[in-house]
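The following exercises concern the overall architecture and the nonpolar interior of a protein chain. Please examine the sequence and the structure before turning to the solutions.

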Amino acid sequence: MIEAVIVDDERLARKDLRAVLQQFPFITITGEASNVAEALQLIERTLPQLIFLDIEMPEANGFTLLEQLKTVPEVIFTTAYDAYAIKAFEVNALDYLLKPVTSKRLAESLERLQEVTKPAVQQTAQYPELREKIFVKDGERCWFIPLGDIRLLESTGSYTRICFGKHAPLLARSLQAMESRLNPQYFFRASRKHIVNLEHVQHIIALNQYMLQLELTDGTKIPVSRRQSILFRELRGI
């Protein structure tokens, strides 16, 4: 069973989608929202595995909603505007459906969903799994980023630079806010400026008897503060 919510400002569109979804009993709709503010509350409360998300809505669009989520479930965009198709796929959305949604296209989307989702067991965990994603919009570019792909988080004022692959977009959240959402089993606060994903640490270098330096898989060298070097040594038994 996959729990989902519908976010769309058009009541009839929500009703039509629910009707089509009746043909797919493994999808349970746990709530609906007609705008971004309602959707944020609904998603925080129900923690769905899937969002059927309209893009163009009054006041704030679907991308604005995704930017505000701490982690992002799978997303199927539903919209009447074909112009959004390219952008939807640029951000690695699960799929993109034009309204009115047909059972044939919905079946294709849900088949893809079943290939990428696992049974809902992670929602009770204190921290999101590495496969869960955050949404980052930097200028005109957008990404769904699995946490496990993030190599480094760097504080830039009240923003955080997210380094993954060849990209390094800015996220409008502080490093402290991000740290509270990251599993310390995988992410280590190296200093006031940096959090590193330990899965991406290639070498550990002792700069002196007090301080360490972590070299990441892309060659980036991150100095570890004196206090955090002591903690790192204790945690790693070195």
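Two exercises follow, each with a worked solution, and both refer to a predicted model.

**Exercise 1.** Describe the chain as a whole in terms of secondary structure, extent, burial and contacts.

*Solution.*
Step 1. The secondary structure consists of 7 helices and 15 strands.
Step 2. The C-alpha trace extends over about 65 × 35 × 25 Å along its principal axes.
Step 3. Of 238 residues, 47% are classed as buried. Carbon and sulfur atoms contribute 50% of the accessible surface, which totals about 12400 Å².
Step 4. Among contacts with a separation of 6 or more, 50% join residues 24 or more positions apart.
Step 5. The chain carries 29 positive and 30 negative charges, and the mean positions of the two sets lie 7 Å apart.

**Exercise 2.** Identify the residues and elements that build the largest nonpolar core, and examine the surroundings of Leu53.

*Solution.*
Step 1. In soluble globular proteins, nonpolar side chains tend to be buried together.
Step 2. The largest nonpolar core has 25 residues; those touching the most other members are Val7, Leu53, Leu65, Leu66, Leu69 and Phe77.
Step 3. At least two core residues come from each of β1 (2–7), α2 (36–46), β3 (50–54), α3 (62–68), β4 (74–79) and β7 (141–146). The largest share, 5 residues, is supplied by α2.
Step 4. Beyond its neighbours within four places in sequence, Leu53 contacts Val7, Gly62, Leu65, Leu66, Val75, Ile76, Phe77 and Thr78.
Step 5. A separate core of 18 residues includes Val20, Ile29, Leu94 and Leu110.

Technical notes. Residues are numbered from 1 along each chain as its sequence is written. This is a predicted model: local features need pLDDT of at least 70, side-chain atom pairs count only at pLDDT 80 or more; totals for chains, interfaces and linings use all residues. Side-chain values use heavy atoms; hydrogens and water are left out. A nonpolar core is a set of buried Ala, Val, Leu, Ile, Met, Phe, Trp, Tyr and Cys residues joined through side-chain atoms within 4.5 Å. Buried means under 20% relative accessible area, exposed over 50%, partly exposed in between (1.4 Å probe, protein chains only). Helices (H or I, at least four residues) and strands (E, at least two) are DSSP runs, numbered from the N terminus. Contact means heavy atoms within 4.5 Å. Accessible areas come from the Shrake-Rupley method with a 1.4 Å probe; for residues, only the protein chains shown count as cover. Lys and Arg count as positive and Asp and Glu as negative; His and the chain ends are not counted. The place of a charge is taken as NZ of Lys, CZ of Arg, CG of Asp or CD of Glu.
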